[in-house]
Amino acid sequence: MDFHRNPSTNSASSSTSSTSSAAAHHQPPHSSATDNDPMHSWWESVSKQRSRILSLAALLPSDGVAVSSLADSDRPAVSLLSSPFAYSLISSALSSPKSGSGSDRLCQWLYETFQSSDPHLRLLVLSFLPLLSGIYLSRVHSSDSSSLPSLAGFEAVLLAVYSSEAKSRAGKPLLVQIPDLSQPSLYHAPRNKPVDDRSRQSVGVLSPPLEPHLAVKSTKRAIIVGTALDCYYKQVSQMPAWSKLDFCKFAAAWAGQDCPCRTKLDRDEDNHHENGNVNGNGHIRLLREDSGFSNGTRSGDGDEVDYEDDVIKEVVVVEMNTLGINEENLETKGVRIPLPWELLRPVVTILGHCLFGPLNSQDVKDSASVAVRCLYARASHDLAPQAILALQSLIRLDKNARAAATTAATVTTNASSNANTPSKAKKPEILLVSK
């Protein structure tokens, strides 16, 4: 059957379209001007942040009234991010035994808030990522994980962050240019004449292209959590101190606790200068290399195991005190978990910032120092060469930085004491002039 056009209908439609286009042409540009108005954009962002914070306060206990008061500030999301009281409330809610299920309203709030286009709201969700991933991994790998409720709420938040990072990478891997020592740089000049050979340039792959995932499978769990931590690292300089402290404590617990190898590198370098089995603090060096470090426990029976526990803890405390680290920062969270390189690489990267970030508090640096040493012990037992090299470098840089800070403090103290010490008055000089 043939279809014939109706000329009247066609002309009517064309006249209608021409009329509408003319009207659109003469319409005042009110909507575009509103979109480009910075004041309008700011107010829209503040309104969105206030709405999300008020919905969060409704999910928290009676103390949530204090959280709702943060919505009245000019920057609600930033006020919530910098509030230790609000972080404590949300941390308690996420740490409850029944948290993380598919019906968890707090996880739903985190998921929906991260879907927002507002960068401050997304930053707020990322600040809880160390706590959320730490609780999630600890529960998954705990001994009684079969009796735990579903963790679909935690997994939904992690998948949202993972999908966002995968979209930003656009199917491309993360690459790093490996320096060629045969080419001159700002820091060295090669011994031989440099050869301009483009084929010699090598590129390392930090992370392969990310695949889309709709669920967290056991074989993909490490790459999903590691990618989420990569997203956290991009904003780590804006994270509050308590978020970084949680991350360091979980990292130390993931490595395993109470292993004497955590201070082995420190003791070896100290004893290299002392030529003996007794360190500078008068404590006996542990010569036993086999610590029975398997699944976070040591093998043995009777009083010998208890004695070794006491000696290990004593050595750890002594070495931490030698570095000027408060013993309270040895507190850890979570349990020992598998640490493949896909997960360990972003963990080491974040700990590097926590150690040497110029704006980090001393508590963050001390906790990161403990975590790095715990992970170094774990890598030594697992025979992971990449992790050993990276963590060994961080430990040595940390020791050098602490030694330099101690030296600078000593010089400053001596200079101030010399300035305050009264000096003897000089006798007036007598000049003898011969006639």
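## A guided tour of salt bridges, cysteines and a surface patch

Begin by selecting R378 and D382, whose side chains meet in a salt bridge with an N to O distance of 2.7 Å. The model on display is a predicted one. Both residues belong to helix α16 (residues 362–382), where four residues, about one turn of the helix, separate them. Colouring by accessibility distinguishes the two partners: R378 is buried, with a relative accessible area of 6%, whereas D382 is partly exposed at 40%.

Next, select E165, R169, D230, K234 and R345, which salt bridges with shared partners join into one network. Within this group, display K234 and E165, which form a salt bridge with their closest N and O atoms 2.9 Å apart. This pair links distant parts of the chain, since K234 is in helix α11 (residues 221–234) and E165 is in helix α10 (residues 152–169), 69 residues apart. Is E165 buried or exposed? At 3% relative accessibility, E165 counts as buried.

Now turn to R52 and E112, which also form a salt bridge; here the closest N and O atoms are 3.7 Å apart. Show helix α3 (residues 38–59) for R52 and helix α7 (residues 105–114) for E112: the pair links distant parts of the chain, 60 residues apart. R52 counts as buried, with 18% relative accessibility, while E112 counts as partly exposed, with 39%. How many salt bridges does the structure hold? The structure holds nine. In general terms, side chains of opposite charge can pair when their charged atoms come close.

From the charged pairs, move to S243, which is placed in helix α12 (residues 241–255). S243 is buried, with a relative accessible area of 0%. Draw a distance from the side chain of S243 to the backbone of S127: a polar atom of the S243 side chain lies 2.7 Å from the backbone oxygen of S127. To see the surroundings, select Y87, S127, P130 and Y232, with which S243 is in contact once its neighbours within four places in sequence are set aside.

The cysteines come next. Select C248 and C354, and display the sulfur atoms. Why is there no bond between C248 and C354? The cysteine sulfur closest to that of C248 is in C354, but the distance is 4.0 Å, too far for a bond, because a disulfide requires the two sulfur atoms to be within 2.5 Å. C248 counts as buried, at 1% relative accessibility. Add C107 to the selection: C107 likewise counts as buried, with 2% relative accessibility. A search of the whole structure finds zero disulfides.

Finish at the surface by selecting L174, V176, I178 and L206, which make a nonpolar patch of about 290 Å². Which strand gives the most to the nonpolar patch? Strand β1 (residues 174–178) does, with three residues. L206 is found in strand β2 (residues 202–207), and L206 is partly exposed, with a relative accessible area of 41%. Showing strands β1 and β2 together with these four side chains brings the patch into view.

Note on methods:
Residues are numbered from 1 along each chain as its sequence is written. This is a predicted model: local features need pLDDT of at least 70, side-chain atom pairs count only at pLDDT 80 or more; totals for chains, interfaces and linings use all residues. Side-chain values use heavy atoms; hydrogens and water are left out. Patches are made of residues with over 30% relative accessible area and no salt bridge: like charges are joined within 9 Å, nonpolar side chains (Val, Leu, Ile, Met, Phe, Trp, Tyr) within 5 Å. Accessible areas come from the Shrake-Rupley method with a 1.4 Å probe; for residues, only the protein chains shown count as cover. Helices (H or I, at least four residues) and strands (E, at least two) are DSSP runs, numbered from the N terminus. Buried means under 20% relative accessible area, exposed over 50%, partly exposed in between (1.4 Å probe, protein chains only). A polar contact is a pair of N or O atoms within 3.5 Å; within protein, one must be able to donate a hydrogen and the other to accept it, and residues adjacent in sequence count only if both atoms are side-chain atoms. Contact means heavy atoms within 4.5 Å.
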